[in-house]
Amino acid sequence: MTRHVDVLIIGAGLSGIGMACHLTREQTGRSYAILERRSAIGGTWDLFKYPGIRSDSDMYTFGYGFRPCHGTKVLADGPHIRQYIEDTAAEYGVTEHIRFGRKVTVARWSSETELWTVTAIDERTGASEEWTSNFLVGCTGYYDYDNGYRPEFPGEQNFRGQIVHPQHWPEDLDYRGKRVVVIGSGATAITLIPAMSEDAAHVTMLQRSPTYITALPADDPVAVGMKAAKVPAKLAYRIGRARNIALQRASFQLSRTNPAAAKKLLLAAVRLQVGADLDMRHFTPAYNPWDQRLCVVPNGDLFKVLRSGKASIATDRIETFTETGIRLASGEELEADIVISATGLSVQMLGGASLEIDGEPVVTRERVVYKGALLDGVPNAMMVLGYTNASWTLKADLAAEYFCRLLNHLKSNGLTKFVAVAEEGDRGADSVMGGALTSGYIKRGDAVMPRQGTNGPWQVINNYFRDRALLRKAPLADGVLRFSGAADRPATLLESRSA
């Protein structure tokens, strides 16, 4: 039996639940379903279970714009975020529209029927399901949920201890009283080290190169002040959200226009945290601020455990694993019972599903992204990708609002299809996440990520203020986005009536 809905959403994480809520909020009148491979809501926040897992974006901007995430914590932990997403889904009646345990394998568009046909496998039974929809929305993010990035280490077969990747954290991992080495310097590593230091005998952070790290108070002092002053919760959320968006943008802009000053400020703040005894070479990257994502630690927890001696840091290359640990290129040996490979993520699009248009496969790397949301030449579809230099949710919210604008425009004008059409000169060399950031996962993802363009709406500049105007207010018919389905009426005229 083939099931049909107007809008089929792939993924019940932060983006998918937000998209479903917007379909209701914007009064699109469209039926929808969500296909989710996991058995619970939450996406990334249901997948990762390692100690201390938390957001690296503040909760004023990581929460949905339409539903405040109350509280004073700057960075929320994983269980809190997952519960927030679940509660949002319940409040907007989304949960009943989710089909769990469905792995989407292929999505095919037919120009003849103007329908998407999606094949999914019910992983509990092995049965294949077929869904059709007028519109398709990919809300799977860009992580490969099956495989984290895990390089093969020289000599690792000789190690008598346990090697663990954070993406596949064993529920029964007992590190109490154990010597732990965490390989990595990104958000996962700097979260794990203070969390594990409470019970481990010692934790060593082993990094090939440093990352910019900044400390923030665990509780937002402005939020605490507004709560004490009994400012209404919704108003406090709007004020805090607007402030944090502006501060984040200003920080990023400073790093781009005056990287030397930004570097000086960041390193001076670290020096105050680590004291005189820790070598600053461990905290001084070779790149400029925001060439890679900035890491945040609440209340300087990482620096505290380093100062206390519960944890230490080594900046070096791995020569080889030994039976009892790791020997570094410098000759130093790190003894370990457990090694955590916090080495990053593998990238894939649409949860690994393939796309086809009229029987021809779509190679995402060969497509360019329109307004950071639509793939050129792919009709009635959106792929939601959040910001790399700010909260993911800021862009996901805007993309969902834009998608609803498109749906309402089609309905009010008797149209059935939209598609962004790129010219050859619109295509750039960088991926949608490339150009600005140089992180390892972005480089690895270049093979599958769509391109960003060279001009106008094809450029991805990761600027919330620019995107807010572009996606909420800019005319829909701009000569690039094409509409069809209404006889004898040009789309440009229809746009002027519905703008």
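Guide: Angles between helix axes under 35 degrees count as roughly parallel, over 145 as roughly antiparallel, 65 to 115 as roughly perpendicular, and the rest as oblique. This is a predicted model, in which local features need pLDDT of at least 70 and side-chain atom pairs count only at pLDDT 80 or more, while totals for chains, interfaces and linings use all residues. Residues are numbered from 1 along each chain as its sequence is written, and side-chain values use heavy atoms, with hydrogens and water left out.

Visitor: Why are α7 and α8 called oblique to each other?

Guide: The axes of helix α7 (residues 233-257) and helix α8 (residues 259-274), which are lines fitted to C-alpha atoms over the stretch in contact, with angles from 0 to 180 degrees between N-to-C directions, cross at roughly 120° and come within 5 Å. That angle falls in none of the named ranges, and α7 and α8 are therefore oblique.

Visitor: Which residues in α7 and α8 meet?

Guide: With contact meaning heavy atoms within 4.5 Å, L254, S255, R256 and T257 in α7 meet P259, A262 and L265 in α8. The residues of this contact divide into 4 nonpolar, 2 polar and 1 charged.

Visitor: What makes β8 and β13 stand at the edges of the sheet?

Guide: The open sheet has 5 strands in the order β8-β17-β9-β10-β13, with parallel pairing, where two strands pair if DSSP finds at least two bridges between them. β8 (162-164) and β13 (311-315) each have a single partner strand, so one side of each is left without a neighbour in the sheet. From one strand to the next, the twist averages 20°.

Visitor: How do you know that β9 and β10 pair?

Guide: Strand β9 (residues 179-183) and strand β10 (residues 202-207) share 5 bridges in the parallel sense, and the definition asks for at least two, so they count as paired. V181 stands opposite T204 in β10.

Visitor: In which sense do β4 and β5 pair, parallel or antiparallel?

Guide: Strand β4 (residues 102-110) and strand β5 (residues 115-122) pair in the antiparallel sense over 8 bridges, with R102 opposite D122 in β5. The two strands form a hairpin with 4 residues between them, and E114 in the turn has a positive phi of about 50°. β4 is also joined by 4 bridges to strand β19 (residues 354-357), and these run parallel.

Visitor: Which residues of the largest nonpolar core touch the most other members?

Guide: Among its 143 residues, I9, I17, V94, M382 and F403 do, and helix α10 (residues 392-412) gives the most to this core, with 12 residues. Such a core is a set of buried (under 20% relative accessible area, 1.4 Å probe, protein chains only) Ala, Val, Leu, Ile, Met, Phe, Trp, Tyr and Cys residues joined through side-chain atoms within 4.5 Å.

Key. Nonpolar A, V, L, I, M, F, W, Y, C, P; charged D, E, K, R; others polar. Buried < 20%, exposed > 50% of the residue type's maximum accessible area, 1.4 Å probe, protein only.
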